[in-house]
Amino acid sequence: MSVFPATAAAKARGRRGAAAPATSRGQRAAYLFIAPLGLGFAVFYFWPLLQTFYFSFTEFGAFGGHTFIGTDNYVRVVRDVTVWQALGNTLIYSLIGLTALPVAIVVAALLNRRGLRGVAVYRALYFVPFVTLPVAVGLVWNWLYNGDFGLLNEVLSRFGAERHYWVSDPTTAVFAIGTVMVWSTTGYYLIIFMAGIKGIPRDYYEAAELDGAGAVRRFFTITLPLLSPTIFFASVICMINSLQTFDLIYIMMGETNPAIGDTQSVVGLFYKWAFVENAQGAAAALAFLLMLLIAALTYLQFRLQKRWVHYA
């Protein structure tokens, strides 16, 4: 302890005063680093959100301009039967899209086995469909699904099955498109799950192996519980992406397909209203309600994750 308390207090105040400018400089540097992201978010996300909300209360003229009409657009959205059909299709796409997660988890666990060669090649092959343009994916799968000369029908005909028009039949079109969604997104989630599995300490597996646990037992008692935070992240991303599905459906169905009404998603209906029927106000209301649906489902996922996600 100092013999001169006043001097010691002055030194302490001096040290605190000297540290203050450094702290403020650090804060300014932090704000400077996040400024580009914040500016981009404000310009490309927040401002369009406000505009969409405003336009949802307006009606656009045939030659431009808009007038305020109150909540008429929201009334149209709620009463329109095609909206509910598109919403049902979108939810089906979302449920089918979620099946890509267990497939990716199993494949990731198999590729993370010790001594397996060519892992990088397998990983790249699984990831190629995800980085391929949806237009190319849709065109290729349209050829595979073709009812007259498609490869799928050719293979099934060898086993005595009749030819089927997969994307023209309302009973199979949604599931045919959903299968392509799963095929094209599995590689993306595979990369995420492989990284998550590599983050699990090997000591757990070695201890379980010494106790006599087999590969299946180790998968369900070690891999899945410790991978749950990664699964939760992937499920949120998968749900959001599935609810916004449009381009793949548009390419595979076209505009004259008889089953287009049975496969149309909410975003597809938004495109039809906004750019085909010139009903931008109603389309804005539909888009805003879709955003609220995505926010609600994401919030529900965050609430439910407390019951099954295990953070180490």
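How far apart are the end C-alpha atoms of helix α10, and what would a straight helix reach? In this predicted model, the ends of α10 (residues 215-243) sit only 35 Å apart, although its 29 residues would reach 42 Å in a straight helix at 1.5 Å a residue. Look along α10 and you'll find a kink of about 55 degrees at S228, shortly before the proline P229.

How much can you lean on the prediction? The protein's mean pLDDT is 88, with 92% of its residues at 70 or more. Element by element, helix α3 (residues 81-98) has the highest mean, 95, while helix α1 (residues 5-55) has the lowest, 75. Over residues 1-5 the pLDDT is below 50, and that stretch makes one contact beyond near neighbours in sequence.

Now for the charged side chains: the model has four salt bridges. One of them pairs E206 with R114, at 3.2 Å from N to O. E206 belongs to helix α9 (residues 202-210) and R114 to the loop between α4 and α5, so this pair ties together parts that are 92 residues apart in sequence. R114 is exposed, at 60% relative accessible area, whereas E206 is partly exposed, at 35%.

Another salt bridge joins E154 to R163, with the closest N and O atoms 2.8 Å apart. Here E154 is partly exposed at 29% relative accessibility, and R163 is partly exposed at 39%.

Then there's E277 with K272, whose closest N and O atoms are 4.0 Å apart. E277 is partly exposed at 40%, and K272 is partly exposed at 34%. Through shared salt-bridge partners, R76, K272 and E277 form one network.

How values were computed: Residues numbered from 1 in each chain as written. Predicted model: local features only at pLDDT ≥ 70, side-chain atom pairs only at ≥ 80, totals over all residues. Heavy atoms only, no water. Helix = DSSP H or I, 4+ residues; strand = E, 2+ residues; numbered from the N terminus. Expected span 1.5 Å × (residues − 1). Bend = angle between axes of the 7 residues up to and from the residue. pLDDT = per-residue confidence, 0-100. Contact = heavy atoms within 4.5 Å. Buried < 20%, exposed > 50% of the residue type's maximum accessible area, 1.4 Å probe, protein only.
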